[in-house]
Amino acid sequence: IDSLKASKAYKNMKWATYLLTSAYAKVGPIEFGRFYQFFSWNTVEGKRYKIEARSNQDLSRKFQVEGYLAYGDKDKEFKYGAAYRIHLPRTNNRWHMTGGHIKNDIIQLDQRDILLTHDNLALAIMRSEPLSKLLKVNRYNMYYEKEWRKRVFTTIGFTHQKITAVSEELIFKSTIENEEGENEVIVDDITTSEVNVNLMWAYKQKFHEARYSLVPLSYNFPVFYLDYNLGIKNVFKSNYDYHKLEFSMRHRWENFLGSTHYHITTGKVFGRAPYPIQKMHRGNQNWLGRYWAFELMSEFEYISDEYAMLWFRHHFNGLIMNRIPLIKKLKWRSLVHFKSVLGNYSSVNEQLVNLPGGLSPLNGVYAEAGFGFENIFKVFRVMAIWRLKPTTNPLRDDIAIFGVKLTLHPTL
């Protein structure tokens, strides 16, 4: 076995496997990636070129540094980002870390996916039109994470950011009433300073420690999250006072019908804050499925300052497909899907900065449902999804009532 591990063929296979699973190419103590972000395009930057590098455990097991540089051939501007993570001394092997990042780049609002970002080449290829709903952010963040008791985690941090418009359609404007009537004035930027507090209680949750992050392995018991962000005015020229509060719970329930996965989230923004600070509900306008998005909601379609969401997916685990003789041999598995959000958007917040064209307050319910098959060649999942409500939006001409989504979902 030792001779096999020392062979060139084994080392090459290990290097290629790491490249495919992490999207980083390892060169000694430095890794270059992510390879699917090296090139992409959008209407703001034109062709976007990006190079990223990070340290690995060959350099240090105690800390990691990373950074990237990007350039657009249309806007002729460089963008950059950098981050650090440091493992702190532990008690009873409990998680203990600090870190931070800076970012001066183009973003999509409320982009939660770390893989399916706006500069993902696969998403750029699958779009019918280049991405245009983008803003520029100059952001600084630092945080401290600690596992105080077994599976009780807190993160305390501070974030300062300045958001500016980079396209005509998203220029920040505010309507002011005077003796001559209503007039629109330009808002140069939206600057905020926040204190961030996050709490996670993961009773009996199993984690895989992946270098500098914890990856959950199961949700057999409910996992609870509480996020609080305090916006403070006049700190580093910040403009707004507000409180953002969000509670969520995620669980996987094994039962006689299969496996039920559900995710409940509710939140509210207290105080006056413009739309980039509010809850931008994530849409998905390509045929690649995305867990953190509503599959048939258009991007940049709905926003709320108070909301309640339910995401539900049930896997029958062969209960149905194993009863069909020919299909049984394929070992496909069936599942059903439902996502919904009830939202509201205050007219007071709408007066601070006007909503851009195509973006609507979600004063009501959005819902979608579907069914599909997974374990196709042990790699793919295909879902057929219908948009249940609302089926029209007078501000948009890109509404889809039905869609088919493909997801890479390897099964062992």
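# Briefing: strands, rings and backbone exceptions

The charged end of Lys339 sits over the ring of Tyr291, 5.8 Å from the ring centre. The model is predicted. Tyr291 also takes part in an aromatic pair, with Trp311 as its partner. Trp311 belongs to strand 20 (residues 306-315), and strand 20 in turn pairs with strand 17. The points below start from these rings, then turn to the strands, the surface and the backbone.

**Charges over rings**

- Tyr291 carries the charged end of Lys339 over its ring. Tyr291 is partly exposed, because its relative accessible area is 32%, which lies between the 20% and 50% limits.
- A second case involves an arginine. Arg54 lies over the face of Tyr24, 3.6 Å from the ring centre.

**Aromatic pairs**

- The count of aromatic pairs comes to 21. Among them is the pair of Phe153 and Phe207, which is edge-to-face. Their centres are 5.6 Å apart, with 70 degrees between the planes.
- Phe153 is in strand 9 (residues 152-165) and Phe207 is in strand 13. The two residues are 54 apart, so the pair links distant parts of the chain. Both Phe153 and Phe207 are buried.
- Tyr291 and Trp311 are edge-to-face too, at 5.8 Å centre to centre and 80 degrees between the planes. This pair also links distant parts of the chain, with the two positions 20 residues apart in numbering. Tyr291 lies in the loop between strand 18 and strand 19, while Trp311 lies in strand 20.
- The two partners differ in exposure. Tyr291 is partly exposed at 32%, whereas Trp311 is buried at 7% relative accessible area.
- Ring pairs also build a cluster. Its members are Trp201, Tyr203, Phe221, Phe224 and Phe247.

**Antiparallel strands 16, 17 and 20**

- Strand 16 (residues 242-255) and strand 17 (residues 258-271) run antiparallel and are joined by 14 bridges. They form a hairpin, with 2 residues between the strands.
- Strand 17 also runs antiparallel to strand 20, and 10 bridges join these two.
- Tyr262 of strand 17 has a bridge partner in each neighbour. His251 is bridged to Tyr262, and Tyr262 is bridged to Phe312 in strand 20.
- Strand 20 also holds Trp311, the buried partner of Tyr291.
- Strands of a sheet pair through backbone hydrogen bonds, either parallel or antiparallel.

**A three-stranded open sheet**

- An open sheet of 3 strands has the order 18-19-22, with mixed pairing.
- Which strands stand at the edges? They are strand 18 (279-280) and strand 22 (360-361). Each has a single partner strand, so one side of each is left without a neighbour in the sheet.
- Strand 19 (residues 302-304) pairs with strand 22 in the parallel sense, over 2 bridges. Tyr302 has Ser360 of strand 22 as its bridge partner.

**Nonpolar surface patch**

- A nonpolar surface patch covers about 960 Å². Its residues include Val27, Phe35, Phe38, Leu69, Ile102 and Tyr140.
- Strand 2 (30-33) and strand 6 (78-87) are the elements that give two or more residues to the patch. Ile30, Phe32, Phe78 and Tyr80 are also among the patch members.
- Ile51 belongs to the patch as well. Ile51 is in strand 4 (residues 46-55). At 44% relative accessible area, Ile51 is partly exposed.

**Backbone exceptions**

- Most residues other than glycine have a negative phi, and most peptide bonds are trans.
- The peptide bond from Lys389 to Pro390 is cis, with omega near -15 degrees. Pro390 is in the loop between strand 24 (380-389) and strand 25 (402-408).
- Lys204 has a positive phi, near 60 degrees. Lys204 is in the loop between strand 12 (190-202) and strand 13 (207-210). Is Lys204 buried or exposed? Lys204 counts as exposed, because its relative accessibility is 51% and the limit is over 50%.
- Lys378 likewise has a positive phi, near 60 degrees. Lys378 is in the loop between strand 23 (364-376) and strand 24. Lys378 is partly exposed, with a relative accessible area of 44%.

Key: Residues numbered from 1 in each chain as written. Predicted model: local features only at pLDDT ≥ 70, side-chain atom pairs only at ≥ 80, totals over all residues. Heavy atoms only, no water. Helix = DSSP H or I, 4+ residues; strand = E, 2+ residues; numbered from the N terminus. Buried < 20%, exposed > 50% of the residue type's maximum accessible area, 1.4 Å probe, protein only. Pairing = 2+ DSSP bridges. Patch = residues over 30% accessible without salt bridge, like charges linked within 9 Å, V, L, I, M, F, W, Y side chains within 5 Å. Areas by Shrake-Rupley, 256 points an atom, 1.4 Å probe, with all protein chains shown as cover. Salt bridge = Lys/Arg side-chain N within 4 Å of Asp/Glu carboxyl O. Phe/Tyr/Trp six-rings, centres within 6.5 Å; stacked < 30°, edge-to-face > 60°. Lys NZ or Arg CZ within 6 Å of the ring centre and 35° of its normal.
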